[in-house]
Amino acid sequence: VSLALAGARVFATGRRAERLRETAHAAEALGAASGAVSPLPADITDPDSVAGAAAAIASRGVPLLALVNNAALPSPPAGPAPLQDMGLDDWRRLVTTNVTGAWLVTRAALPLLYETGAARVIFVTCEAGWEDTPCVGHYNVSTSPFNSLAMSFAAEVAARRPAVDAQINPLIPGEARTEMNQGSADSPFAIASMGLLLLSHGPDGPNGRFFHRDGRHVPFAYA
């Protein structure tokens with residue numbers, strides 16, 4: 001929504017077409033141009049679906065300037081010791097969505113981004129990847145490789161495509177209210193200013209750096 005309000009043309013991707021349409025309507029209700037958000041249903045855990053979405057974007061004849069990885073599953077209920085008690089199917093769904101999905105989407109988007117001479121990617125993440133909070137160990141574990149994926153993509157793209165202006169960074173929204181986190185009073189738009197700043201940064205901006213929504217560099221991250 002924030003990207004649409006800033007004048008971007010946005011392809012909103014997810015499994016639930018109705019939620020994508022709600023996002024498009026919300027953007028227009030706040031003042032975005034009609035059609036600024038284009039719903040593009042896809043399942044990020046399905047390689048064929050991801051490839052189809054990338055092909056659909058390429059067929060529109062407009063450059064892909066940026067990617068925001070913002071899909072995740074919440075922790076499935078598994079009691080106070082989920083790493084010991086959760087079922088294998090729940091584990092697979094969690095890791096496939098939270099890690100493999102981001103890998104598939106980023107890999108599919110990079111060739112389109114390369115065409116513009118830049119690779120601007122945000123991985124919306126959280127600090128759980130460095131936490132050992134009881135009861136949500138399974139979510140912590142799924143977040144850790146997501147963070148590593150972001151940093152590793154940043155380093156790999158910079159090394160393999162030195163002519164490309166790579167700016168691939170994880171961004172932590174904090175305890176913002178989302179569908180997964182209904183108990184928070186923080187606005188989900190709290191991440192917008194930092195997200196827009198990273199995606200619109202000039203050449204030679206940060207790459208492989210962990211940021212908080214208020215601009216802080218996360219002190220415990222390797223970068």
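## Strands, a helix and some salt bridges

Strands β3 (residues 66–69) and β4 (residues 118–124) pair up in the parallel sense, with 4 bridges between them. Keep in mind that this is a predicted model. One of the links joins asparagine 69 to its bridge partner in β4, phenylalanine 123. Along β3 the side chains take turns: Leu67 and Asn69 point to one face and are buried, while Ala66 and Val68 point to the other face and are not.

Now look at helix α7 (residues 192–199). Which of its residues are buried? They are Ala192, Met194, Gly195, Leu198 and Leu199. Looking down the axis of α7, you'd find these buried residues within an arc of 170°, so they line one face of the helix. Their cover includes β3 and β4 again, along with α1 (2–5), β5 (165–172) and β6 (211–212).

On to charges: the whole structure has 6 salt bridges. Here are three of them, including their N to O distances.

| Salt bridge | N to O distance |
|---|---|
| Arginine 15 and aspartate 43 | 4.0 Å |
| Glutamate 22 and arginine 19 | 2.9 Å |
| Arginine 216 and aspartate 214 | 2.8 Å |

Arginine 15 and aspartate 43 link distant parts of the chain, 28 residues apart: arginine 15 sits in the loop between β1 (10–14) and α2, and aspartate 43 in the loop between β2 and α3 (47–59). Glutamate 22 and arginine 19, on the other hand, both lie in helix α2, 3 residues apart, or about one turn of the helix.

Finally, there's a nonpolar patch on the surface, made by Leu5, Leu30 and Phe189, with about 290 Å² of accessible area together. Leucine 30 counts as exposed because its relative accessibility is 53%.

Technical notes
Residues numbered from 1 in each chain as written. Predicted model: local features only at pLDDT ≥ 70, side-chain atom pairs only at ≥ 80, totals over all residues. Heavy atoms only, no water. Patch = residues over 30% accessible without salt bridge, like charges linked within 9 Å, V, L, I, M, F, W, Y side chains within 5 Å. Areas by Shrake-Rupley, 256 points an atom, 1.4 Å probe, with all protein chains shown as cover. Salt bridge = Lys/Arg side-chain N within 4 Å of Asp/Glu carboxyl O. Buried < 20%, exposed > 50% of the residue type's maximum accessible area, 1.4 Å probe, protein only. Helix = DSSP H or I, 4+ residues; strand = E, 2+ residues; numbered from the N terminus. Pairing = 2+ DSSP bridges. Arc of directions from axis to C-beta. Contact = heavy atoms within 4.5 Å.
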